[in-house]
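Hi,

Here is the structure I promised to pass on to you. Have a look at it first, and then read my notes on what turned up.

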Amino acid sequence: MKKFGWKIGDRIVLMGHDLGSQPGTQHSGNLHRSATNPVGVLDRKYLEESVPVLKDQTGTFGILADSPAAVPQVAAAVDDMFHNAPQQTKTESEKAFGLDFVAMLGNVKAFILSICGAVVFATLLVSANTMRCRFASGPARWRC
């Protein structure tokens, strides 16, 4: 709210090139979260009416287990429940979801290492070129 100057009752328009329309909603309340992790909540029915392509589509559900030890049983129960459904589920922990998401991006470590290697190689070429030049005896001049 502070970042965008919103007040309760303000109309907020969602914009995006994939939506096919620009649905708007009314700001009706606040959730108190940390500033580093902002969150927005929107009525799903309203969004489905505004953007027909999103109707009956869901990407991710969050399930809160009673304890960390119960996570494997909950995951197995959810996957068993949707075993014969047209869209089967893949239930995993939040940590595994994050790792899968990063893996989707590709081998980030190799990409960063290749960039670092190119920078080091360029620095070596510049250094070698600089070392090739030496100070000539006599008048103060560089000779390459």
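Let's start with one side chain, Lys-90. At 62% relative accessibility, Lys-90 is exposed, because the cut-off for that class is over 50%. Keep in mind that this is a predicted model, so everything below is computed from predicted atoms.

**Salt bridges**

How many salt bridges does the structure hold? There are two, and Lys-90 turns up in both of the pairs described here. Some background first: side chains with opposite charges can pair up when their charged atoms come close.

One partner is Glu-92, whose closest N and O atoms with Lys-90 are 3.7 Å apart. The other partner is Asp-100, where the distance from N to O is 3.0 Å. That second pair links distant parts of the chain: Lys-90 sits in the loop between helix H2 (71-81) and helix H3 (94-104), while Asp-100 belongs to helix H3, ten residues apart.

What about the accessibility of the two partners? Glu-92 has 28% relative accessibility and counts as partly exposed. Asp-100 comes out at 34%, which also makes it partly exposed. Put the pairs together and you get one network of Lys-90, Glu-92 and Asp-100, joined by salt bridges that share partners.

**The largest pocket**

Lys-90 comes back here too. Empty space can be found by rolling a probe the size of a water molecule over the atoms. The largest pocket has a volume of about 1100 Å³, and 26 residues line it. Which of them lie nearest its centre? Those are Thr-60, Phe-61, Gly-62, Lys-90 and Thr-91.

Helices take part in the lining as well: H2 and H3 each supply at least two residues. H2 gives the most, with four residues. Sorted by class, the lining has eleven nonpolar, ten polar and five charged residues.

**Around H2 and the loop after it**

If you want something to try in the viewer, look for Ala-77 in helix H2. Ala-77 is partly exposed, with a relative accessible area of 42%. Its C-alpha atom is 9.3 Å from that of Thr-91, although the two residues are 14 apart along the chain.

Then find Gln-88, in the loop between H2 and H3. Is Gln-88 buried or exposed? With a relative accessible area of 56%, Gln-88 is exposed. Between the C-alpha atoms of Gln-88 and Val-78 there are 9.8 Å, and these residues are ten apart along the chain.

**A nonpolar patch**

Last stop: the surface. Seven names to look for here are Val-102, Leu-105, Val-108, Phe-111, Ile-112, Ile-115 and Val-119, which make a nonpolar surface patch of about 640 Å². Which helix gives the most to this patch? That would be helix H4 (residues 108-132), with five residues.

Ile-115 is a handy one to click on, as its place is in helix H4. Ile-115 has a relative accessible area of 43%, so it falls in the partly exposed class.

Happy browsing!

Notes:
Residues are numbered from 1 along each chain as its sequence is written. This is a predicted model: local features need pLDDT of at least 70, side-chain atom pairs count only at pLDDT 80 or more; totals for chains, interfaces and linings use all residues. Side-chain values use heavy atoms; hydrogens and water are left out. A salt bridge is a side-chain nitrogen of Lys or Arg within 4 Å of a carboxyl oxygen of Asp or Glu. Buried means under 20% relative accessible area, exposed over 50%, partly exposed in between (1.4 Å probe, protein chains only). On a 1 Å grid over the protein atoms alone, a cavity is a set of points where a 1.4 Å probe fits but cannot get out, and a pocket is an open set with protein on both sides within 12 Å along at least five of seven lines; lining residues have an atom within 4 Å of a point. Grid points are joined across faces, edges and corners, and a volume is the space filled by probe spheres set on the points. Ala, Val, Leu, Ile, Met, Phe, Trp, Tyr, Cys and Pro count as nonpolar, Asp, Glu, Lys and Arg as charged, and the others, Gly among them, as polar. Patches are made of residues with over 30% relative accessible area and no salt bridge: like charges are joined within 9 Å, nonpolar side chains (Val, Leu, Ile, Met, Phe, Trp, Tyr) within 5 Å. Accessible areas come from the Shrake-Rupley method with a 1.4 Å probe; for residues, only the protein chains shown count as cover.
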